[in-house]
Amino acid sequence: QVQLVESGGGLVQPGGSLRLSCAASGSIFSINTMGWYRQAPGKGRELVAQVLSGGITNYVESVKDRFTISRDNAKNTVYLQMNSLKPEDTAVYYCYSEVRRVVAGPLYAYWGQGTRITVSS
């Protein structure tokens, strides 16, 4: 099996910064896309940012120029550096990874347990 463990959430004031980490472990041959979704109270889950295996990144418009996603392939870890946080960034953040467990095998999507971020003064 594969586990994703997130860390780094918490309470921060508007304009502040946080860094999320998500480490994948278990039966992993390779990881394709890694990324972060979030779900705000009363809303659906939305893609925040993703980084492909080759390093290409994508962001939802509302976080461009504020958030930076990166990955360390040697550690099977994805990071989300969040700067200039706003109250509307308040949500539970979930990491995910598309994992290939054996060579030439299928891709499976795995999710972290979620970490809550509250942006409030």
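Hi everyone. By a disulfide I mean a pair of cysteine sulfur atoms within 2.5 Å. With that in hand, let's look at this one, and please keep in mind that it is a predicted model.

How many disulfides does the structure hold? Just one. The partners are C22 and C95, with 2.0 Å from S to S, so the pair falls within the 2.5 Å cut-off. In sequence terms the bond ties distant parts of the chain together: C22 belongs to strand 3, residues 18-26, while C95 sits in strand 9, residues 91-100, and 73 residues separate the two. As for handedness, the torsion about the S-S bond is about 50°, so this disulfide is right-handed. And are these cysteines buried or exposed? Both C22 and C95 are buried.

Now let's step back to the whole chain. You will find eleven strands and zero helices, so if you walk along the sequence, you simply read β eleven times, as in β-β-β-β-β-β-β-β-β-β-β. Contacts tell a related story: taking those with a separation of 6 or more, 56% are between residues 24 or more positions apart.

What about overall dimensions? The C-alpha atoms fill a box of roughly 50 × 25 × 25 Å along the principal axes. The radius of gyration is 14 Å, and since a compact globule of 121 residues would come out near 14 Å, the two agree.

On to the surface. Of the 121 residues, 40% count as buried. The chain exposes about 6200 Å², with carbon and sulfur atoms supplying 49% of that area. Turning to charge, there are 12 positive and 8 negative side chains, and the centres of these two sets lie 5 Å apart.

Let me finish with one residue I'd like you to click on: R66. Where is it? R66 lies in the loop between strand 6, residues 57-59, and strand 7, residues 67-72. Why do we call R66 buried? Because its relative accessible area is 9%, and buried means under 20%. Which residues does R66 touch, once we leave aside neighbours within four places in sequence? R66 is in contact with Q81, M82, N83, S84, L85, K86 and D89.

So, two places to visit when you open the model: the buried C22 and C95 pair, and R66 in its loop. Thanks, everyone, and I'm happy to chat.

Methods
Residues numbered from 1 in each chain as written. Predicted model: local features only at pLDDT ≥ 70, side-chain atom pairs only at ≥ 80, totals over all residues. Heavy atoms only, no water. Helix = DSSP H or I, 4+ residues; strand = E, 2+ residues; numbered from the N terminus. Buried < 20%, exposed > 50% of the residue type's maximum accessible area, 1.4 Å probe, protein only. Rg over C-alpha atoms; globule rule 2.2 N^0.38 Å. Contact = heavy atoms within 4.5 Å. Areas by Shrake-Rupley, 256 points an atom, 1.4 Å probe, with all protein chains shown as cover. Lys, Arg positive; Asp, Glu negative; His and termini not counted. Charge placed at Lys NZ, Arg CZ, Asp CG, Glu CD.
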